[in-house]
Amino acid sequence: MSHLKNLTLKVWRQSGPKDAGRFETHEVAEISDEASFLELLDVLNEQLISENKEAVVFDHDCREGICGTCSLMINGVAHGPQRATTTCQLHMRSFKSNDTIVVEPWRSAAFPIIKDLMVDRSPLDRIIEAGGYITAVTGGAPDGNLIAVPKPVADAAMDSAQCIGCGACVAACPNGAASLFTGAKIAHLNRLPQGQPERYKRAEAMVETMDEHFGSCTNHGECSAACPKEISIDVIALMNKDYRASKFKSRKEISRG
Amino acid sequence: MTYTFDAKIPAGPLTEKWDNYKQNAKLVNPNNKRKFKIIVVGTGLAGASAAATLAELGYQVDAFTFHDSPRRAHSIAAQGGINAAKNYQGDGDSINRLFTDTIKGGDFRSREANVHRLAQVSVDIIDQMVAQGVPFAREYGGLLDNRSFGGAQVSRTFYARGQTGQQLLIGAYQQMARQVGLGGVRLFNRTELIDTVVVDGRCAGIVVRDLLTGEIQSHAAHAVVLATGGYGNVFFLSTNAMNCNVTAAWRAHRRGAMFANPCYTQIHPTCIPQADETQSKLTLMSESLRNDGRVWVPKSPTDNRPADQIPEAERDYYLERLYPSYGNLAPRDISSRAAKRLVDKGQGIGPLKNGVNLDFAAAIERLGLDVVKERYGNLFEMYERIAGEDPYKTPMRIYPATHYTMGGLWVDYELMTNIPGLYAAGEANFSDHGANRLGASALMQGLADGYFVLPSTISSGLAPLLGKSMPGIDHPAFKEAEKQAKDRFAGYLNTKGKRSPDWFHRELGKIIWDKCGMERTKEGLQEALTDLPALYNEFQTDLRVTGTGETTNQTLEKAGRVDDFFQLGMAMCQDALSREESCGAHFRSEYQTPEGEAQRDDEKFCHVAAFEWTGDPMNPKRNVEELVFENAHLATRSYK
């Protein structure tokens, strides 16, 4: 049966991008074990509204761990203490009664804070726009079974395609790098036969767009540890290999004239 | 005066209608396409695929999403798969069989021509998505794998583990992102539609609110596509994402677009039961689990033993007992009601006795743990995270929850609403699923509409506009709509009552779930139609929205959405009350067979009910589009 807990929340409040921001302390009483972390914030917000105060702003949507919208640093850990779990799937079972929980937004130079716990992650979209796709105009595709994909290849592509784009990897990285995110997309598309024609052009464009917005990777591995989908750091090696190769390939293609 | 609908069904035999349509459609030549601006609202499967394809064709596309990124749309949460009549398994599938299954699954309340087209283009969707790099499940030989799904006797469902919606959405998102990079699509994120603008009977554009600054802006276009999803969140507790709402469709409705079949809301049989009062949403466990899971309850309501201690003889595998030929794969509405009846009788399981068992013990024994893990691993993990129990050891506890809405904006064969220039795609329209949708068909319809239907039909509406001047955002109609929107949002802030929008939403949801949920009665609906206006009145006088309108304010966003849900809720109940029959997901207790199945009344209700806004949400006008069945044989559904 479910247990009820009393918790103290130290929540980051920041009225806008230019505000310095500060922590606010709130008590939430009798929250059930079955409640998710975001439901805890719902309860807090109802409390704040009843006190005529402004509710805490936070990004959230599907609440089933797949949309990648929720994005909280909980006690200094991206998505909180439970491994391979997004904030929305974290339940009160993971906390003890009378715990003090520190709740912050993603903190990274590439993700400016919009308000309270909400940040701007649009640089991730810019990376995809630069090359995170396979060019296949609607209408011209051959029959699906004409392209045989060995099962291990499809499975490996799927492993990295699972990325939900939440940005926890960036938030967890001491350098604010987005290599796990970018590597995951490159590993997804560059492993598949359909992805081969644009393989090197893709790696080059994505890596260079990434470098415009994010810090440099120094293989800390914090990204992979924070990833709710447990994407392996191997994807970064694959990205680097294809990026390096892209530089030679481009030269060759140019020299062929 | 009754409204006469022209669904623009093309001439010819059913199988040739779509080809005939395309052959006779007006086209816009490639150089002229760039002169047309198309607004696409919503970036889920339907919106993203439409935006990408229209931009590839050369139109100027402006895409709007209230999310921070287009990739967040709720299509992402679909787990099980996507249907297509490929017949890769050689098990007797065909376009015609998918058509028949969909018509029958929808309990003969959808349009034949639309459904047949859906079945036809289903095969192209798979080809397109494979080309996009969607990592569908494969056989060892490298060919595509399939599985079966509720309501079908063939294996025609393509899947990517339990994340098919995610992979398809990301595929469509990437295709759109490419167009954003190339300049074909202008993307407006964190921007919510709050009104549509109609000038001289034609849709001229939209009014949006910037969710970061509260600024209200107009955008004019030659055509507007609403791909804004369904309205399942009217129930408060549903499997929809928190931000799913009816506002875009409802605001278009208030400007004259007909809202069809609002009472057709689907209850999904396999969700995790509610655990407590603070619960904000319900989580769906993919229907694909029913392929290998067996559904049962203890025969005795007082049996409180753990599942593994209840002997076989004391278990009721009720779906296998009641529907031997479909068994655990009986369609969604039928499975849902069967669960509800047993739980109502006290045979439910779990701490609140509000669920039924979905048991994998037999599957693990038959297939081995590895195969079960391979097929459902991520779903099992997800279940364990939420419910705190290990489904490899204990059966899952499941119960039905609102999941999908078949009703939506009325559209013709071209997916155009009754307002010229305004289109609706995906779950936002009412077109293909009739009174009940089959599993793995939502992804199919969203992508069919966005990739293959709209790009072929929209030119017919645009071609005649070539060289004509269109109303710009300085037109008085835009100014008036902007002013109304500003006043509306200021009104929420200035009510200064005591209750939050969430409080009202929860109360609204309780009424709709109790009276207009899985089972409906005349009495209950009449009660709802008394309770709803009373609660709505309270909403208008006792709402409290803290903060201001000039910065991000999620409480204010929510207030606007709840307002529209109230009005929609009234239409739903009216529709459910006036449809004096049971069909598909609409089950009126008064109209059932002696075996407790839905009893249609084809004499009186073989039609679409499309509601027209009159200014009073309690008094909409009910219009009717008759449905004609020339190919599918009007028959009582039987899944026995």
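How far apart do the C-alpha centres of domain 1 of chain B and domain 2 of chain B lie? In this predicted model, the separation between these two centres is 31 Å. Domain 1 of chain B covers residues 268-402 and domain 2 of chain B covers residues 476-598, according to the domain assignment. Five residues from domain 1 of chain B and five residues from domain 2 of chain B make up the contact between them. On the side of domain 1 of chain B that touches domain 2 of chain B, the most is given by helix 9 of chain B (residues 332-344), which supplies four residues. That side of domain 1 of chain B consists, by class, of three charged residues, one polar residue and one nonpolar residue.

The contact between the two chains was examined next. Here, 67 residues of chain A are in contact with 66 residues of chain B. On the side of chain A that touches chain B, two or more residues come from each of helix 1 (37-50), strand 6 (113-115), helix 2 (123-131), helix 3 (151-161) and helix 5 (179-191) of chain A. The residues on this side of chain A comprise 29 nonpolar, 21 polar and 17 charged.

Helix 5 of chain A, one of the elements on the side that touches chain B, was considered further. This helix is mostly covered, with 13 of its 13 residues buried. Because each residue is taken to contribute 1.5 Å, the 13 residues of helix 5 of chain A should span 18 Å. The end C-alpha atoms of helix 5 of chain A lie 17 Å apart, in agreement with the expected span.

Terms used: Residues are numbered from 1 along each chain as its sequence is written. Chains are lettered from A and ligands numbered from 1 in the order in which they are written. This is a predicted model: local features need pLDDT of at least 70, side-chain atom pairs count only at pLDDT 80 or more; totals for chains, interfaces and linings use all residues. Two residues are in contact if their C-beta atoms, placed from the backbone, lie within 7 Å. Ala, Val, Leu, Ile, Met, Phe, Trp, Tyr, Cys and Pro count as nonpolar, Asp, Glu, Lys and Arg as charged, and the others, Gly among them, as polar. The expected span of a helix is 1.5 Å times one less than its number of residues. A residue is buried if 20 or more other C-beta atoms lie within 10 Å of its own, exposed if 12 or fewer, and partly exposed in between; C-beta atoms are placed from the backbone. Domain bounds come from an automatic or database domain assignment.
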